[in-house]
Amino acid sequence: MPDAGHDPEAAGRGPEAAGRVPEAAAGHVPGGGAGRAPGTGTGTGTGAGAGAGRVRDPGDARARKTEHASRTERVREAGGDRRFASSLIASGSAILVLVAVAVVFAPLLAAWGPEEIDPLASLAPPGGAHLLGTDLNGMDVWSRVLHAARLDVGIAVAAVALAVVAGGFVGLVAGYRGGRPDDALMRVLDVLQAFPTFILALAVAALLGGGTANLVAVIALVNAPAYARLVRAEVRSVRELPFVEASRTSGASFWGVLWRHVLPNSLTPVRVIAPLNCGWAMLTLAGLSFLGLGVPVPTAEWGAMISLGTGDVVAGRWWTSVPPGLFLLICVLGFSLLGEGLQERADSTRR
């Protein structure tokens, strides 16, 4: 019986069989699945390839995680800043509402007039018919403090409003026009800002004299350069925006572009700074009146009341000057808190 290993037919079929056996075996060997993964690939091979891709670049996952954490932290900080800004705005608004109530209802809250004299109660201590006592002339301190709020707040707000209008107009024209008009106006502002604010106000008040109208003009003059520079800086950035260029190319006039497009988008810093400047304007007014260049006596004004009561404090009669000083402090604090809150909110929005 011939040996199968030497069978010529088997030997002839050997190469074919040998060729088929590796193919059949390849499906069962462990390396077969790996060999198919790059080509057609089974589900297992595909998952292995995807997993291998993620393992090769772990930096992307870490970068995404870091970016997400950073974004979350920024959102958390922005939320905290907005809450802090809201608390400042609420506190300042509450103080100013109380001041407004005192201003409006001053005649109802005081039994005496601001310049009414009680000849039998000169330098009377607080209590009885006079809630905060009387001054040297026998005038009721409580009534004068309330009525002085009308004058101080009114002058400060009017002066800041005039400064915003005048300074804003100068900054608007200078920033949008540019060139020589811009240079000339900025040099004038440099001269005004070369002097300390209160010294300049003192000099102008001495030149013009006292009186409500003159004080409004003086305080507006020393505050207008700051608003002019603020508005000019905003206008120089707004004038390059596409919608302004589109308005110019569509045939809009010079003033039309300014009032309709440039000015409304340039007042954001002004709205933030104006409440702060109201407080500084009240301090400037009180300082001028303290030195005798403000509201003439016997008109009720906080700075003048503090000045008249300075000698009484040394003698122990604190009620002639301490109450007006405290009311001035509270009012300035209200404006300061409101301005700081608006500034914090604007900063958190930009972040």
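This section describes the helices, the nonpolar core, the aromatic pairs and selected local features of a predicted model.

The chain contains 15 helices and zero strands. Of its 351 residues, 36% count as buried. Among the contacts between residues at least 6 apart in sequence, 72% join residues that are at least 24 apart.

The largest nonpolar core comprises 60 residues. Those with the most contacts inside this core are Ile 155, Leu 172, Tyr 176, Val 262, Met 282, Trp 302 and Cys 331. At least two core residues are supplied by each of the helices H4 (58-104), H6, H8 (197-208), H9, H11, H12, H13 and H15. Helix H6 provides the largest share, with 15 residues. The surroundings of Trp 302 can be listed in detail. Setting aside its neighbours within four places in sequence, Trp 302 is in contact with Val 145, Ala 148, Ala 149 and Asp 152, and also with Met 282, Pro 324, Phe 327, Leu 328 and Cys 331. Two of the residues named here, Met 282 and Cys 331, are themselves listed with Trp 302 as having the most contacts inside the core.

Four aromatic pairs are counted in the model. In one of them, the ring centres of Trp 142 and Phe 327 are 6.2 Å apart and the ring planes stand at 70 degrees, so the pair is edge-to-face. Because Trp 142 belongs to helix H6 and Phe 327 to helix H15 (residues 322-350), this pair ties together parts that are 185 residues apart in sequence. Phe 327 has a relative accessibility of 27% and therefore counts as partly exposed. A second geometry is found for Phe 169 and Trp 255: their ring centres are 6.2 Å apart and their planes are at 5 degrees, so the pair is stacked. Phe 169 lies in helix H6 and Trp 255 in helix H11 (residues 254-262), so parts that are 86 residues apart in sequence are tied together by this pair. Phe 169 is partly exposed, with a relative accessible area of 40%, and Trp 255 is likewise partly exposed, at 41%. Ring pairs also join Trp 259 to this group, and Phe 169, Trp 255 and Trp 259 are thereby linked into a cluster.

Helix H7 was examined for its length and for the placement of its buried residues. At 1.5 Å a residue, the 15 residues of H7 (residues 179-193) should span 21 Å, and the C-alpha atoms at its ends are 21 Å apart, which agrees with that expectation. Asp 182, Met 186 and Leu 189 are buried in H7. Viewed down the helix axis, the buried residues of H7 fall within an arc of 60 degrees, so they line one face of the helix. The elements that cover these buried residues include helix H6 (141-177) and helix H9 (212-238).

Helix H6 also carries His 147. With a relative accessible area of 16%, His 147 is buried. A polar atom of the His 147 side chain lies 2.9 Å from the backbone oxygen of Ser 143. Apart from neighbours within four places in sequence, His 147 is in contact with Ala 106, Pro 107 and Pro 114.

Pro 275 is located in helix H12. This residue has a relative accessible area of 11% and is therefore buried, since the cut-off is 20%. When residues up to four places away in sequence are not counted, Pro 275 touches Phe 335, Leu 338, Gly 339 and Leu 342. The C-alpha atoms of Pro 275 and Gly 92 are separated by 10.0 Å, although the two residues are 183 residues apart along the chain.

Two features of backbone geometry occur in loops. The peptide bond from Val 297 to Pro 298 is cis, with omega near 10 degrees. Pro 298 is placed in the loop between helix H12 (268-290) and helix H13 (302-308). Leu 123, a residue other than glycine, has a positive phi value, near 55 degrees. Leu 123 is found in the loop between helix H5 (106-109) and helix H6. At a relative accessible area of 18%, Leu 123 is buried.

How values were computed
Residues are numbered from 1 along each chain as its sequence is written. This is a predicted model: local features need pLDDT of at least 70, side-chain atom pairs count only at pLDDT 80 or more; totals for chains, interfaces and linings use all residues. Side-chain values use heavy atoms; hydrogens and water are left out. Helices (H or I, at least four residues) and strands (E, at least two) are DSSP runs, numbered from the N terminus. The expected span of a helix is 1.5 Å times one less than its number of residues. Buried means under 20% relative accessible area, exposed over 50%, partly exposed in between (1.4 Å probe, protein chains only). The arc is that of the directions from the helix axis to the C-beta atoms. Contact means heavy atoms within 4.5 Å. Rings of Phe, Tyr and Trp (its six-membered ring) pair if their centres lie within 6.5 Å; planes under 30 degrees apart count as stacked, over 60 as edge-to-face and the rest as tilted. A polar contact is a pair of N or O atoms within 3.5 Å; within protein, one must be able to donate a hydrogen and the other to accept it, and residues adjacent in sequence count only if both atoms are side-chain atoms. A nonpolar core is a set of buried Ala, Val, Leu, Ile, Met, Phe, Trp, Tyr and Cys residues joined through side-chain atoms within 4.5 Å.
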